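User: I would like to go through the labels on this model one by one. For each, set the value against its cut-off.

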Amino acid sequence: MKNLSLLFSFLLIACSGSSPIVSKLPTDNTNQEKAIETINFAKQEDVVQTLKFLTLDENLGREAGTKQMDNVAAYLEDVFKKNNVPPYFKTYKDTLSNFRWPAYNVVGYIEGNDAKLKNEFVVIGAHYDHIGQLKGDDIVNGDDIANGANDNASGTTAVTEVVKYFAKYKTNKRSIIFVFFSAEEKGLLGSKHLAKKLKEQNLNLYFMFNYEMIGVKMNREDMLLYITGFGKSNMAQKMNEYAGENLIGYIPAETQYQLFRASDNYPFYTEFEVPAQTVSTFDFENFKFYHEPDDEFELMDTKHMTNVVNKTIPVLEKMINASSKEIQLK
């Protein structure tokens, strides 16, 4: 997540194919409280495999514009290729126009299967960059590599699993653009570049959905995830309706630290003026190694991550396939 330390400082100053339709919502009013049956769309071993690669020391903290990021981008391209997901542009790697060094968003596309609704688009993404190698006092016990397991290899891993599901079953009526964003840590540059580019193409965007820092479970049972910009739209309410349970909630830290503006959802909100929001489980109490070398694979709860994917896939499917644009700005 981009520059939360700056936000902390600011606030201190201010304060002094055809799918086996397996996930169903109850249709009668007496059973509306029942939750969707949880299906294992993603496997924990697949989550572990992707997360391990993204957090390797050899990637040197996945800093945008470094040669190591070419290898990471190639890995993510391969996810698309192995699942027969074509690039949205001529190639998967879309070069950023607003960064001094070569850096790339990795962008794939699955066309909708409805003759009319396929002309409407959904963007699903996560940023795959982190802050790279540390210097001076930021080095901890000789470790200068900020592997960024929670921030945001966890969100990137989630998107790879969502890609696999829709690539396999092709249940999406609307078209989906999947994006692994680069240079989020440099100021949301990857999402700013792409949102502007798609807006210039007059893309008919319904909503944007972003995964950010989902590697560790929150210490609460009243929600699985919180959403940024909770009051900006009815996305949280519709997701809970589609889920048949209280899947998404609000935490005060989301407002306190202005998280709606801090991740790759925000440029899509400003460019398109449509619902564009991020889900997360980093609540400022459950993980203390933000932008530190100890944000490592070993501290991630891959069972929880797999559960997040398996809970959100059927909800995303219902969001994407709604007959009208039910998710709206407030």
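User: What makes Asp222 partly exposed?

Analyst: Its relative accessible area is 37%. Buried means under 20% relative accessible area, exposed means over 50%, and partly exposed is in between (1.4 Å probe, protein chains only). So Asp222 is partly exposed. This is a predicted model, where local features need pLDDT of at least 70 and side-chain atom pairs count only at pLDDT 80 or more, while totals for chains, interfaces and linings use all residues. Residues are numbered from 1 along each chain as its sequence is written, and side-chain values use heavy atoms, with hydrogens and water left out.

User: Why is the contact between Arg220 and Asp222 called a salt bridge?

Analyst: The closest N and O atoms of Arg220 and Asp222 are 2.8 Å apart. The rule asks for a side-chain nitrogen of Lys or Arg within 4 Å of a carboxyl oxygen of Asp or Glu. The pair therefore qualifies as a salt bridge. Arg220 is partly exposed, at 30% relative accessibility.

User: How many salt bridges does the structure hold?

Analyst: Twelve. Another one joins Lys118 and Glu111, at 3.5 Å from N to O. Lys118 is partly exposed, with a relative accessible area of 29%. Glu111 is partly exposed too, at 45%.

User: How do you know that Glu326 and Lys238 form a salt bridge, and which parts do they tie together?

Analyst: Their side chains meet at 3.6 Å, N to O. Glu326 lies in the segment after helix H9 (302–321) and Lys238 in helix H6 (residues 235–243), so the pair ties together parts that are 88 residues apart in sequence. Helices are DSSP runs (H or I, at least four residues), numbered from the N terminus. Salt bridges that share partners also join Lys238, Glu241 and Glu326 into one network.

User: Is Lys238 buried or exposed, and what about Glu326?

Analyst: Lys238 is buried, because its relative accessible area is 13%. Glu326 has 27%, so it is partly exposed.

User: How many aromatic pairs are there, and what makes the one between Phe41 and Tyr165 edge-to-face?

Analyst: The count comes to 22 aromatic pairs. Phe41 and Tyr165 are 5.0 Å centre to centre, with 80° between the planes. Rings of Phe, Tyr and Trp (its six-membered ring) pair if their centres lie within 6.5 Å; planes under 30 degrees apart count as stacked, over 60 as edge-to-face and the rest as tilted. Hence the label for Phe41 and Tyr165 is edge-to-face. Phe41 lies in the loop between helix H1 (4–14) and helix H2 (44–54), and Tyr165 in helix H4 (residues 149–169), so the pair ties together parts that are 124 residues apart in sequence. Both Phe41 and Tyr165 are buried. Phe41, Tyr165, Phe166 and Tyr169 form one aromatic cluster.

User: How do you know that Lys197 lies over the face of Phe89?

Analyst: Lys197 is at 4.1 Å from the ring centre of Phe89. A charge sits over a ring if NZ of Lys or CZ of Arg is within 6 Å of the ring centre and within 35 degrees of the ring normal. Lys93 lies over the face of Tyr104, at 4.3 Å from the ring centre.

User: Why are H2 and H4 called oblique?

Analyst: They pack at an angle of about 135°, with their axes 9 Å apart. Axes are lines fitted to C-alpha atoms, for helices over the stretch in contact, and angles run from 0 to 180 degrees between N-to-C directions. Angles under 35 degrees count as roughly parallel, over 145 as roughly antiparallel, 65 to 115 as roughly perpendicular and the rest as oblique. H2 and H4 are therefore oblique to each other.

Notes. Helices (H or I, at least four residues) and strands (E, at least two) are DSSP runs, numbered from the N terminus.
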